[in-house]
Amino acid sequence: MSGASGPVAAGERGETTIADRVVAKIAAQAAKEAVDAPPKEAATPRATVTVHRGTARVRVTLELGYPGDIGHQCGAVRRRVTERVKALAGMEVPEVAVQVEHLHPSGASLAAQGRIR
């Protein structure tokens, strides 16, 4: 029986790998949390991620309400995704591309157009 030789060096402990799809789920949830007031009929945000050497490049696709400050909401999504991926997966996120796939008019804008009474 050999005695304890102290802590094991980092290089000898192994490696943790987090799959792209796991990081994509984190990013999609973070995007959902970042949107101020998502329209009821909007689809859940989706994300695709490419991970390379501890760095994640993220693309988020989402739907937003209209009218609204689209630029502000996209900025909030970028910040939230970057923060959450860094905190939960320990990865740097140099790029978050946000694609707004659909705008959903609010009830107020439909009423202004004469579609709802």
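These entries record what I looked up in the structure, which is a predicted model.

**Entry 1. The sheet**

I began with the strands. Three of them form an open sheet in the order β1-β2-β3, and the pairing is mixed. The edges are taken by β1 (46–52) and β3 (92–105), each of which pairs on one side only. I also looked up the twist: neighbouring strands are turned by 15° against each other on average, direction ignored.

I then turned to the contact between β1 and β2. Strand β2 covers residues 55–66 and runs antiparallel to β1, with seven bridges joining the two. I noted one bridge by residue: Thr50 has Arg57 in β2 as its partner.

**Entry 2. The helices on the sheet**

Which strands does helix α2 lie across? I found that α2, residues 20–34, lies across β1 and β2 and runs at about 135° to β1. I made the corresponding entry for helix α3, residues 70–89: this helix lies across β2 and β3, at about 140° to β3.

**Entry 3. Backbone at Arg53 and Pro67**

I next looked up two places in the loops. Most residues other than glycine have a negative phi, and most peptide bonds are trans. Arg53 is not a glycine, yet I read a positive phi of about 50° for this residue. Arg53 sits in the loop between β1 and β2. Is Arg53 buried or exposed? I recorded Arg53 as exposed, because its relative accessible area is 76% and the class begins over 50%.

The second place is the peptide bond from Tyr66 to Pro67, which is cis, with omega near 0°. Pro67 belongs to the loop between β2 and α3.

**Entry 4. Salt bridges**

How many salt bridges does the structure hold? I found four, and I describe three of them here, beginning with the pair of Arg80 and Glu33.

The closest N and O atoms of Arg80 and Glu33 are 2.5 Å apart. This pair links distant parts of the chain, since Arg80 is in helix α3 and Glu33 in helix α2, 47 residues apart. I looked up the accessibility of both residues: Arg80 counts as partly exposed at 28%, and Glu33 is partly exposed at 39%.

With which residue does Arg57 form a salt bridge? The partner is Glu95, and the closest N and O atoms are 3.4 Å apart. I noted that this pair also links distant parts of the chain, with Arg57 in strand β2 and Glu95 in strand β3, 38 residues apart. Arg57 is the residue I had already entered as the bridge partner of Thr50. At 43% relative accessibility, Arg57 counts as partly exposed. Glu95 is partly exposed as well, with a relative accessible area of 38%.

The next pair I looked up was Lys86 and Glu92, whose side chains meet in a salt bridge of 2.4 Å, N to O. Lys86 has 42% relative accessibility and therefore counts as partly exposed, because the value lies between the 20% and 50% limits. Glu92 falls in the partly exposed class at 45%.

**Entry 5. Summary for the notebook**

I close with the points to find again in the model. The sheet order is β1-β2-β3, with α2 across β1 and β2 and α3 across β2 and β3. The backbone entries are the positive phi of Arg53 and the cis bond from Tyr66 to Pro67. The salt bridge of Arg80 and Glu33 joins α3 to α2, and that of Arg57 and Glu95 joins β2 to β3.

Terms used: Residues numbered from 1 in each chain as written. Predicted model: local features only at pLDDT ≥ 70, side-chain atom pairs only at ≥ 80, totals over all residues. Heavy atoms only, no water. Pairing = 2+ DSSP bridges. Helix = DSSP H or I, 4+ residues; strand = E, 2+ residues; numbered from the N terminus. Axes fitted to C-alpha atoms, helices over the stretch in contact; angles between N-to-C directions. Contact = heavy atoms within 4.5 Å. Buried < 20%, exposed > 50% of the residue type's maximum accessible area, 1.4 Å probe, protein only.
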